[in-house]
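Let's walk through this one together, starting from a pair of strands and working outwards. Have a look at the fold first.

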Amino acid sequence: MITLRDRNSGEPMYLQIYSQLKEEIQEGRLKAGDKLLSKRKMAESLNVSVNTVETAYGQLLSEGFIEARPKSGYYVSQIEEFNFENKKKAPESASKKEEKENGIRINFSTDGVDYEHFPYNTWRKLMKNCFNEYNPRVLRSAPPEGDYELRKAIAAHVYRARGVNCAPEQIIIGAGMDNLINTVSGILGTDYKITMEYPVYYEAYSFIKALGHSVDLIPVDERGIKTDLLPDDSERVVYVTPSHQFPLGFTMPAGRRVKLLKWAYAEENRYIIEDDYDSEFRYNSKPIPSVQSIDIKGRVIYMGTFSKTIAPSVRISFMVLPEELLKFYDEKYTKFSSAVSVLEQNILTAFINEGHYERHLNRMRKLYGEKRNVLLNELKQLGGKIKINGENAGHYFALKLLNGLTEEEMIRLAEAEGVKVYPISKYFVNEVPPKYMSTVLIGYAELSEKEITEGIGILKRVWGL
């Protein structure tokens, strides 16, 4: 008999159904040829949605434990005899193992997404449709700039969503932002100096330094990078995250964006890298148009990624190159092949063109907005004991304590009770300014509402709030 062990455990309901059915089959209680309840009847018996059951059945189907018979239903597959009882368990990932060893139960990660609501069935269907003998191009390599159909789909999407003006030919597909940064570095050469916001997006900063560029850091205020402090030289690139500054979460207003562009226009060979990594999620207003959308001289290199909106494992990013730089790209990269497999590019193309991506974004905006509201409502009770920055966009925000605890103490006390929060000091290359001391980053995307409430309750207690 299939039951839901604990609806409030944080374990996805589809996973509980899947695990129990799999165990029943492996231990022989469900035998080859046995018919499972229909999705609707199973959903009614467990008081869950049909989609939840469909996801569980879909996973069993993909692993071969059950089979679907047209107009009949789902049946247990014939499986060769095998000693399932003594099977080796797959090794845990290093991060999960480390979390267990450290007793972490609630992880306010800034990088995660809601894995339970990933469109598994849609992705599986698209994968099957794309990988077949009628689509032989999935077995070929893609050109260095990426598959044209995907570039065309992205161009249409970013115009609708972010006001980005570009032709598909200007889009370059990459396997993650570091891959794209490496390409920009190759186009411009390491003589170009890079200016970044401070506090800095540390992963990008480290990678750019490793490529051999000279890097300057300019502080941000509540309106983003301080444009009056930008250097006067040429052959200079400014790397900014204007929609949701990382890690503080500020949004650069229109006036500051215009000043940034005027700086770029004042000298030849000045460019702006606009990293728009999580611009799709805003909660109190519509997404703000990109800096690229008001660039009239081709000085903005626009970058985006699907890792934040779909899943971290979807390592597909893209950039829009100004036409002037596209000529240099064509000169240097025509002999290379794309860093992203053609199959993955085809799946993402279909995901966008068939409207699944837009629907997924709308669902996730609503879901993340609800989680955000739960988190903020819990914190509102603390009044003047805390200060919050960057809560109106993205998956995380910065929380500052005003009761005298240090960042180190905040993290240590939380971890002692199985809760993980993240230091902001990592993003300050030098000493943390007093303004940002006693501050941590708190993400909520991959947690359930119950976990958020429980986690904040623990933080209130251990932080003496």
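Start with strand β8 (residues 236-240) and strand β9 (residues 270-275), which run parallel and share 5 bridges. Strands here are DSSP E runs of at least two residues, helices are H or I runs of at least four, and both are numbered from the N terminus; two strands pair if DSSP finds at least two bridges between them. Within this pair, Val240 sits opposite Glu274 of β9.

Now zoom out: the open sheet has 8 strands, ordered β4-β11-β10-β9-β8-β5-β6-β7, with mixed pairing. At its edges are β4 (171-174) and β7 (224-225), each paired on one side only. Helix α7 (residues 177-188) packs on this sheet and touches β4, β8, β9, β10 (300-305) and β11 (317-320), a contact being heavy atoms within 4.5 Å. The direction of α7 makes about 160 degrees with that of β10; such angles run from 0 to 180 degrees between N-to-C directions, with axes fitted to C-alpha atoms, for helices over the stretch in contact.

Elsewhere, helix α12 (residues 356-380) packs against helix α14 (residues 449-462) at about 25 degrees, their axes 10 Å apart. The two are therefore roughly parallel, a label for angles under 35 degrees.

How far can you trust all this? This is a predicted model, where local features need pLDDT of at least 70 and side-chain atom pairs pLDDT 80 or more, while totals for chains, interfaces and linings use all residues. Residues are numbered from 1 along each chain as its sequence is written, and side-chain values use heavy atoms, without hydrogens or water. The chain averages a pLDDT (the predictor's confidence in each residue, from 0 to 100) of 87, but residues 82-97 stay under 50.

Technical notes:
Parallel < 35°, antiparallel > 145°, perpendicular 65-115°, else oblique.
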